[in-house]
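User: Could you take a close look at one part of this model and then show me what surrounds it? I'm new to this, so please explain the terms as you go.

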Amino acid sequence: MVPVSYYLAISGILFTLGAMGVLIRRNALVIFMSIELMLNAGNLAFVAFARMHNTFSGQLFVFFVMTVAAAEVAVGLALIVAIFRTKNSINVDQMSSLKG
Amino acid sequence: MTLDMIVFLVLAAVAVASAIGMLLSRNAIYAALYLVMNFMSVAIFYLLLGAPFIALSQVTVYAGAIMVLFLFVVMLLGTEALVPTGVLPYQRNTAFVLGGLLVVEIGYWIWRGAMTGLIPLPSSELNSMESVQAMSKMLFSQYLLPFEVTSVLLLVAMIGAIILTIRQKGERG
């Protein structure tokens, strides 16, 4: 069988790539996708630990994280659409003023 | 090298490559499609870990619903590619340094954990259908309250999304 450390390593790598996506990219939509990538990496670690301890709590937590992620995406994309209507851009560098 | 290990390594390569592809692609639609590929490989990780229900909800919720929403908004706004503005020129290098530090840090702690002995995952006593049954029993007994709160959360998100995008009377655009 594959040791649990390998799953944690892949989860760590995916989380780091997501964090770098948030730092590097300027497109608000791609930043959102990077956040999804980080949530996914956390979920993978949850499932790996759940399997290691032979319990279902970790899997149930992943289930709840997925619903929260769905809610977050719905509200976040609505925000992006609203910002695009006023600014005509979703470049986060241009979202620098309040009441803009 | 067992079959499990080969499958794991191939999937790991696909997952990391698609994540890097998402990070570097200039076009937001390509980024979304790379992310779908990443979600699918993570779903197969879940299957390997003996979590078939989570794997299938990953495919339907993430790769299905969430990514369709993303693609829909990308195409609705028509902002597939952004012109780089370069407001913070040092940002990219700083991001690479910080990302490198983070991966070294995570790697160090996992390596320390692995030094105490690689823990092979115990083989599950339940077959996949039994594990779904046991999980649903736990969801509807021990975790019933969080489950109900989740439904309220989804309702609030739905109303919030509508309120945010609804056009007021007399507002142009």
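**A helix and its surroundings**

Analyst: Let's start with α2(B): at 1.5 Å a residue, its 21 residues should span 30 Å, and its end C-alpha atoms are 30 Å apart, so the two agree. (The expected span is 1.5 Å times one less than the number of residues.) Helices here are DSSP runs of H or I with at least four residues, strands are runs of E with at least two, and both are numbered from the N terminus.

Some ground rules before we go on. Residues are numbered from 1 along each chain as its sequence is written, while chains are lettered from A and ligands numbered from 1 in the order in which they are written. This is a predicted model, where local features need pLDDT of at least 70, side-chain atom pairs count only at pLDDT 80 or more, and totals for chains, interfaces and linings use all residues.

Back to our helix. The buried residues of α2(B) include A28(B), Y34(B), L35(B), N38(B), F39(B), V42(B) and Y46(B). Buried is about crowding: 20 or more other C-beta atoms, placed from the backbone, lie within 10 Å of the residue's own, whereas 12 or fewer makes it exposed and anything in between partly exposed. What do those buried residues pack against? They pack against α2 (28-52) of chain A, and also against α1 and α3 of chain B. Just after α2(B), G50(B) takes a positive phi of about 75°.

Now zoom out to the chain that holds this helix. Chain B has six helices and zero strands, and 20% of its 173 residues count as buried. Two residues are in contact if their C-beta atoms, placed from the backbone, lie within 7 Å. Among contacts in chain B between residues at least 6 apart in sequence, 52% join residues at least 24 apart.

Our helix also has a role in how the chains touch. In total, 70 residues of chain B are in contact with 59 residues of chain A. On the chain B side, the elements giving two or more residues are α1 (3-24), α2 (28-48), α3 (52-77), α4 (91-115), α5 (128-139) and α6. The biggest giver there is α4(B), with twelve residues. By class, that side has 54 nonpolar, 14 polar and two charged residues. (Ala, Val, Leu, Ile, Met, Phe, Trp, Tyr, Cys and Pro count as nonpolar, Asp, Glu, Lys and Arg as charged, and the others, Gly among them, as polar.)

Y46(B) from our helix turns up again in the largest nonpolar core, which has 61 residues: along with L29(A), M33(A) and V47(A), Y46(B) has the most contacts inside it. A nonpolar core is a set of buried Ala, Val, Leu, Ile, Met, Phe, Trp, Tyr and Cys residues joined through C-beta atoms within 7 Å. The elements giving two or more residues to this core are α1 (4-24), α2 and α3 of chain A, plus α1, α2, α3 and α6 of chain B. The top contributor is α2(A), with twelve residues.

Follow L29(A) and you come straight back to our helix. Leaving aside neighbours within four places in sequence, L29(A) is in contact with I80(A), I90(A), A28(B), F70(B), V73(B) and V74(B). Of these, V73(B) is in helix α3 of chain B. V73(B) counts as buried because it has 22 C-beta neighbours inside 10 Å. With the same sequence neighbours left out, V73(B) is in contact with L29(A), L77(A), I80(A) and V81(A).

That leads to a helix pair across the chains. Two packed helices are described by the angle between their axes and the distance between the axes. Here α3(A) and α3(B) pack at about 5°, with their axes 11 Å apart. So α3(A) is roughly parallel to α3(B). (Axes are lines fitted to C-alpha atoms, for helices over the stretch in contact, and angles run from 0 to 180 degrees between N-to-C directions; under 35 degrees counts as roughly parallel, over 145 as roughly antiparallel, 65 to 115 as roughly perpendicular and the rest as oblique.) The contact includes V73(A), L77(A), I80(A) and V81(A) from α3(A), and V73(B) and L77(B) from α3(B). It divides into 17 nonpolar, two polar and no charged residues.
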